[in-house]
Amino acid sequence: MYFVSLASENLTVILLLGHENIRYLSGFSGNAAYAIVTQISCVFITDYRYFERA
C-alpha cells in the first residue's frame with residue numbers, strides 16, 4: 001500500500017468523494033458522505049439518515 005503525506009505532495013486539503021473511497025479510508029458504510037482532510041483536521045459530512053452510523 002502506498003501512502004503519501006499532504007506536505008510531500010504540496011497539498012493543503014483533500015476532498016474525498018465516492019462511497020468506496022470513504023469506506024476504504026474510514027470504515028463508514030453509508031453511501032452519502034464526504035470527507036475533507038487537512039494536515040491538522042478531518043471533517044466528515046453525511047446526512048441525517050446516517051447519524052448513528054457516523
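What percentage of the 54 residues of the chain count as buried?

## Overview

The answer is 15%. This figure comes from a predicted model. The chain holds 1 helix and 3 strands. Read from the N terminus, the elements follow the order β-α-β-β.

The C-alpha atoms fill a box of roughly 35 × 20 × 15 Å along the principal axes.

## Surface and contacts

How much area does the chain expose? It is about 4500 Å². Carbon and sulfur atoms supply 58% of that area.

Now take the contacts between residues at least 6 apart in sequence. Of these, 21% join residues at least 24 apart.

## The aromatic pairs

How many aromatic pairs turn up in the whole structure? The search finds 2. A pair of aromatic rings is described by two things: the distance of the centres and the angle of the planes.

One pair is F28 with F44. Their centres lie 4.8 Å apart, and the planes meet at 75°. Planes over 60 degrees apart count as edge-to-face, so this pair is edge-to-face. The two residues come from distant parts of the chain. F28 sits in the loop between helix 1 (19–26) and strand 2 (33–38). F44 belongs to strand 3 (residues 42–46). In sequence they are 16 residues apart.

F28 also pairs with Y50. Here the distance is 5.8 Å centre to centre, with 85° between the planes. This pair is edge-to-face too. It also links distant parts of the chain: F28 in its loop, and Y50 in the segment after strand 3. These two residues stand 22 residues apart.

## Buried or partly exposed?

Which residues do the ring pairs link into a cluster? They are F28, F44 and Y50. F28 takes part in the pair with F44 and in the pair with Y50.

How does each ring residue stand towards the surface? The cut-off for buried is under 20% relative accessible area. F28 has 5%, so F28 is buried. Y50 has 11%, so Y50 is buried as well. F44 has 31% relative accessibility, which lies between the limits of 20% and 50%, so F44 counts as partly exposed.

## In short

The chain runs β-α-β-β. Ring pairs join F28, F44 and Y50 in a cluster. F28 is buried, Y50 is buried, and F44 is partly exposed.

Definitions and conventions:
Residues are numbered from 1 along each chain as its sequence is written. This is a predicted model: local features need pLDDT of at least 70, side-chain atom pairs count only at pLDDT 80 or more; totals for chains, interfaces and linings use all residues. Side-chain values use heavy atoms; hydrogens and water are left out. Helices (H or I, at least four residues) and strands (E, at least two) are DSSP runs, numbered from the N terminus. Buried means under 20% relative accessible area, exposed over 50%, partly exposed in between (1.4 Å probe, protein chains only). Contact means heavy atoms within 4.5 Å. Accessible areas come from the Shrake-Rupley method with a 1.4 Å probe; for residues, only the protein chains shown count as cover. Rings of Phe, Tyr and Trp (its six-membered ring) pair if their centres lie within 6.5 Å; planes under 30 degrees apart count as stacked, over 60 as edge-to-face and the rest as tilted.
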